Amino acid sequence: MLEIIHNLIRVYYVMEYGSHIKDYQEELIIFEDNIIIKIKNRALKHIVEKRKRDNYTEETILNLFSDIFNVLGSKNFKIIDNKDKADNIFLLLEIIEDKNSGVVLVLEIVMESENHYYIKTGFYRSAKKIQKLLKE
């Protein structure tokens with residue numbers, strides 16, 4: 001599945017901002033265990049466009065999704081309520097050892113049903129910012 005996502009990222013990265021894609025509602029399963037995490041093509045394109053505007057290189061976006069698969073596969077994450085958003089929006093955070101340095105993988109996910117989520121967006125944040133968020 002990661003190879004399919006990487007190929008889509010490469011296509012979306014060179015597209016003009018706001019270009020239409022076919023099969024925008026198609027769902028790709030990112031993780032399936034005690035929870036299911038999917039992403040729709042539309043959300044994947046949105047992430048690529050947003051991160052590109054944030055000056056992420058194509059390689060960085062590819063690495064972001066490799067990291068997503070690694071973090072989920074190793075079950076090195078926790079899901080917290082995103083108090084700033086609607087009731088069904090959560091943050092999936094990478095668990096890190098050194099809480100004062102480095103970056104953390106963050107996914108904003110939408111709960112469709114119990115233990116079934118869709119990725120809305122993904123990005124890296126400094127570990128210090130995440131620690132501050134968790135303390136609030």
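This is a short walk through one predicted protein model, from its overall build down to single residues.

Some ground rules. Because the model is predicted, local features need pLDDT of at least 70 and side-chain atom pairs count only at pLDDT 80 or more, while totals for chains, interfaces and linings use all residues. Numbering runs from 1 along each chain as its sequence is written, and side-chain values use heavy atoms, with hydrogens and water left out.

Start with the inventory. The protein has four helices and six strands. Both are DSSP runs, numbered from the N terminus: helices are H or I with at least four residues, strands are E with at least two. Along the sequence the pattern reads α-β-β-α-α-β-β-β-β-α.

Now the overall dimensions. The C-alpha atoms fill a box of roughly 40 × 35 × 30 Å along the principal axes. The radius of gyration is 15 Å, which agrees with the value near 14 Å for a compact globule of 136 residues. That radius is taken over C-alpha atoms, and the globule rule is 2.2 Å times the number of residues to the power 0.38. About 8000 Å² is exposed, and carbon and sulfur atoms supply 48% of it. Those areas come from the Shrake-Rupley method with a 1.4 Å probe; for residues, only the protein chains shown count as cover.

How much of the protein is buried? Of the 136 residues, 42% count as buried. Buried means under 20% relative accessible area, exposed over 50%, partly exposed in between, with a 1.4 Å probe and protein chains only.

Next, the sheet. It is open, with six strands in the order 1-2-6-5-4-3 and mixed pairing. Two strands pair if DSSP finds at least two bridges between them. Strand 1 (27-32) and strand 3 (77-81) are the edges, each pairing on one side only. From one strand to the next, the twist averages 35°. Strand 1 runs antiparallel to strand 2 (residues 36-40), over five bridges. Within that pair, phenylalanine 31 has isoleucine 37 of strand 2 as its bridge partner. Helix 3 packs on the sheet and touches strands 1 to 6. Its direction makes about 120° with that of strand 6 (116-126). Axes here are lines fitted to C-alpha atoms, for helices over the stretch in contact, and angles run from 0 to 180 degrees between N-to-C directions.

On to the core. The largest nonpolar core holds 42 residues. Such a core is a set of buried Ala, Val, Leu, Ile, Met, Phe, Trp, Tyr and Cys residues joined through side-chain atoms within 4.5 Å. Which members touch the most others? Ile30, Ile37, Ile39 and Phe65 do. Helix 3 (residues 58-73) gives the most to this core, with eight residues. Take isoleucine 39. Beyond its neighbours within four places in sequence, its contacts (heavy atoms within 4.5 Å) include Ile30, Leu44, Phe65 and Ile119.

Last, three residues to click on. Valine 11 sits in helix 1 (residues 2-14). It counts as partly exposed, because its relative accessibility is 46%. Lysine 45 is 34 residues away from valine 11 in sequence, yet 9.2 Å away C-alpha to C-alpha.

Asparagine 55 has a positive phi of about 70°, though it is not a glycine. It lies in the loop between helix 2 (41-53) and helix 3. At 68% relative accessibility, asparagine 55 counts as exposed.

Asparagine 115 also has a positive phi, near 65°. Its loop joins strand 5 and strand 6. At 35% relative accessibility, asparagine 115 counts as partly exposed.
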